[in-house]
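Student: I should like to learn how the features of a structural model are read, one at a time. May we work through an example together?

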2 protein chains.
Amino acid sequence: MSKLRRVAMIGAGLTKFGEHWNLSFRELGTEAAIKAVENSNIDGKEIEAMYIGCMASGRFVGQEHIGALVADQLGLNPIPSTRVEAACASGGLALRTGYLSIASGEHDIVAVGGIEKMTEVTTAEAGFALGGAGDQETELFHGATFPALYALLAKVHMKQFGTTEEQMAAVSVKNHKNAVHNPIAQFRKEISIEQVMKSGYVATPLKLLDCSPISDGAAAVILAEIGLAKKLCENPVEIIGSTHATDSLALTGRKSLTELNATKVASAQLFHQTGLTPKDIDMAEVHDCFSIAEILAIEDIGFFKKGQGGPATEQGKTALDGEIAINPSGGLKGCGHPVGATGVKQAAEMFQQLRGEAGGRQVKEAEIGLTHNVGGSGATCVMHAFRLMENR
Amino acid sequence: MSKLRRVAMIGAGLTKFGEHWNLSFRELGTEAAIKAVENSNIDGKEIEAMYIGCMASGRFVGQEHIGALVADQLGLNPIPSTRVEAACASGGLALRTGYLSIASGEHDIVAVGGIEKMTEVTTAEAGFALGGAGDQETELFHGATFPALYALLAKVHMKQFGTTEEQMAAVSVKNHKNAVHNPIAQFRKEISIEQVMKSGYVATPLKLLDCSPISDGAAAVILAEIGLAKKLCENPVEIIGSTHATDSLALTGRKSLTELNATKVASAQLFHQTGLTPKDIDMAEVHDCFSIAEILAIEDIGFFKKGQGGPATEQGKTALDGEIAINPSGGLKGCGHPVGATGVKQAAEMFQQLRGEAGGRQVKEAEIGLTHNVGGSGATCVMHAFRLMENR
């Protein structure tokens, strides 16, 4: 294998996540991209290629061909622009594809974006479209939408390890608390364990406040080859690792229901690539589409032993000032989850955190962060590791 | 820019293109992939990553997350598997993404696939889904589906260059003639100019037999780093060039309606990359979604002067035994056009042709071929050039 070049983020831009009745799909994408370009101090014309993550624009807004659309809206034709899709991991996969395009030597500066506009259809239609992230033939066809699939995972975890509904509620409470300090978050409002426990069941044992919401939003980052990044940017954030693994689309194909094997494979590869261990990580943005998903993630990555994710959360070990800050942005629960955008938003959060620009949600003395983006009920996992560059 | 590694195709597999009432989306993908693996003489376990082109599976079969789905169906988890989408150029873009993953040094052997199953919805629904390849807000919303958009391009070409309906009909007649010899083609049946002229108007001046059909189908190729390719395969086909360009999504954004600028940019880059000129090319698979599209392509690539594509076709210059064989496979018109699969099918045709395995449609003494895959009304163009390797 030839040597890959080093790659860094030099800018990030985000729209507010939430219900955008006055902004279209393309306007959201354009806003995030322009903010990222402005943040990076480059001229848009320096961008050589674009990589866009988007899950289901065909069903949400009747539009495919998203790569060309975004290049067109930004006036960047004829540069190549590629849409990638891996359900809710589409954004992370776009980041990885853009990263590889520079690491390979094909490009020097690229833009990576993630966009989803989910509120133009009814919630029922959105749930059905999202069901396309699972197995349409063996799951969705029989009525198993995503809350039901993650509810099954929660049930098994509760039975095997004694994880409680209160421990799962603690994930949502922490993420809402962090989101208060995030200007782009959909829910900038604290909630209590009691409020989560009293919110109605969506699919037992998961209640409304265990679930990330339906959201509109977009995120973008600008990547550059490391030598160029140092010239263009005072404090670039290096992408020090990038991995991608798959698993069976349907839960029925899994060997275990208490872990996501794609997360285990992707994180083992990430630690191998970087030479790091879970103890070296100061903070992580993990995929909390449902509260149980965050518990699975922090166990599968190796931050806590299997079965200890719930208690660790309840004890505050994953809080901003805990042993390891998990989802300082507010996560999918607090920020909202425009599915194609989430993976890029996670990277943008690492960019701001590592540069000390995260305001009230700043993780103190954070040097190394990682992102964990899951598609479906775990059939895709894309992970990245980041470090602030010493640019002197 | 660092040096890219050389990459070759070592196997290809195709399903029949047509209406597959008894095969599902996933079965089509699996069939093509298994045929490609068998054709390449590798073990499936040697595949390190997959790249799948698919345009609109969400709207056609209710399924997203196609990368993970295909890896799962083939029993190849946990390898990374990526879906890319660029409307009808999704297959070509998957090929390019897979090519770059080896050229970069990230992988040594990858599988590239394209799949679409379009007949599970009504023709009206399919037309509406395909409209998502154009501009949903400024074109499709107002009723401009794809036959209408290409009809506008045809009208301008007729007015400016005197191109006739008979000349456009000659494209379809030639492509049907080639398809007779292609076992995977949807229409293995010759048609006459008179039959095209008498087929009903879909959008004046385009008639039914100027239009490629709605189709189901899948195609796959196996790529390997060149050193490995020589070890694994007696006669690999090298990918000697790969380019990708974009243009405005809507026709209203174009400077000219008598050419597709994305084709001009992508082909200029391809000739620059390879050091070739149009005269060096022995055959090409070009994107004939409508008959006028083939005329635009052979002019924009530079095989014929602007305005001469129609007369050249009428005079037989693009026939199997003409100056340059255009669409020896039968093209989109003869083979059918399962939109995500087409770009990969084009590459598979070059693989078979350059190895002398194309039977009754064999282009004699063909040494260099190219493929031209268009998304939408020209907002994406992906091109590749191929040469048989002297493996002695």
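Student: Which domains does the domain assignment of chain A give?

Tutor: Please bear in mind that this is a predicted model. The assignment gives domain 1 of chain A as 7–122 + 215–232 and domain 2 as 143–212 + 240–388. The C-alpha centres of these two domains lie 23 Å apart.

Student: How many residues of domain 1 of chain A are in contact with domain 2 of chain A?

Tutor: On the side of domain 1 there are 35 residues, and they are in contact with 30 residues of domain 2 of chain A. Strand S1 (7–14), H4, strand S4 (109–117) and strand S7 (216–225) of chain A each give two or more residues to the domain 1 side. The largest share, 8 residues, comes from H4(A). By class, that side of domain 1 has 21 nonpolar, 10 polar and 4 charged residues.

Student: How are two packed helices described?

Tutor: One gives the angle between their axes and the distance between the axes. In this model, helix H4 (residues 90–103) of chain A packs with helix H14 (residues 342–354) of chain A at an angle of about 65°, and their axes are 5 Å apart. From H4(A), the contact is made by A:Ser90, A:Gly91, A:Gly92, A:Leu93, A:Ala94 and A:Leu95. From H14(A), the contributors are A:Thr342, A:Gly343, A:Val344, A:Lys345 and A:Ala347. The residues of this contact comprise 5 nonpolar, 5 polar and 1 charged.

Student: What turn lays chain A on chain B?

Tutor: A turn of 180° with a shift of 0.0 Å along the axis lays chain A on chain B, with an RMSD of 0.0 Å. That is the relation of a two-fold axis.

Student: Why can one say that the copies meet through the same surface?

Tutor: The reason lies in the overlap of the two sides: 100% of the interface residues of chain A are also interface residues in chain B, so the copies meet through the same surface. In numbers, 57 residues of chain A are in contact with 57 residues of chain B. Elements of chain A that each supply at least two residues to its side include helix H2 (57–61), strand S3 (81–85), strand S8 (237–246) and helix H10 (261–274). The largest share, 6 residues, comes from H3(A). The side of chain A that touches chain B has 26 nonpolar, 23 polar and 8 charged residues.

Student: How many bridges join S3(A) to strand S3 of chain B?

Tutor: There are 3 bridges between S3(A) and S3 (residues 81–85) of chain B, and the strands run antiparallel. One pairing sets A:Glu85 against B:Arg83 in S3(B).

Student: How many residues of helix H3 of chain B are buried?

Tutor: In H3 (residues 66–73) of chain B, 7 of the 8 residues are buried, and the helix is mostly covered. Among them are B:Ile66, B:Leu69, B:Val70 and B:Asp72. B:Gly75 follows H3(B) and has a positive phi, near 70°.

Student: Why does A:Gly309 count as buried?

Tutor: A residue is buried if 20 or more other C-beta atoms lie within 10 Å of its own. A:Gly309 counts as buried because it has 29 C-beta neighbours inside 10 Å. The residue sits in helix H12 (residues 309–314) of chain A. Not counting residues up to four places away in sequence, A:Gly309 touches A:Ile295, A:Ile298, A:Glu299 and A:Phe304.

Technical notes
Residues are numbered from 1 along each chain as its sequence is written. Chains are lettered from A and ligands numbered from 1 in the order in which they are written. This is a predicted model: local features need pLDDT of at least 70, side-chain atom pairs count only at pLDDT 80 or more; totals for chains, interfaces and linings use all residues. Axes are lines fitted to C-alpha atoms, for helices over the stretch in contact, and angles run from 0 to 180 degrees between N-to-C directions. Helices (H or I, at least four residues) and strands (E, at least two) are DSSP runs, numbered from the N terminus. Two residues are in contact if their C-beta atoms, placed from the backbone, lie within 7 Å. Ala, Val, Leu, Ile, Met, Phe, Trp, Tyr, Cys and Pro count as nonpolar, Asp, Glu, Lys and Arg as charged, and the others, Gly among them, as polar. Copies are superposed by least squares on the C-alpha atoms of residues with pLDDT of at least 70 in both. Two strands pair if DSSP finds at least two bridges between them. A residue is buried if 20 or more other C-beta atoms lie within 10 Å of its own, exposed if 12 or fewer, and partly exposed in between; C-beta atoms are placed from the backbone. Domain bounds come from an automatic or database domain assignment.
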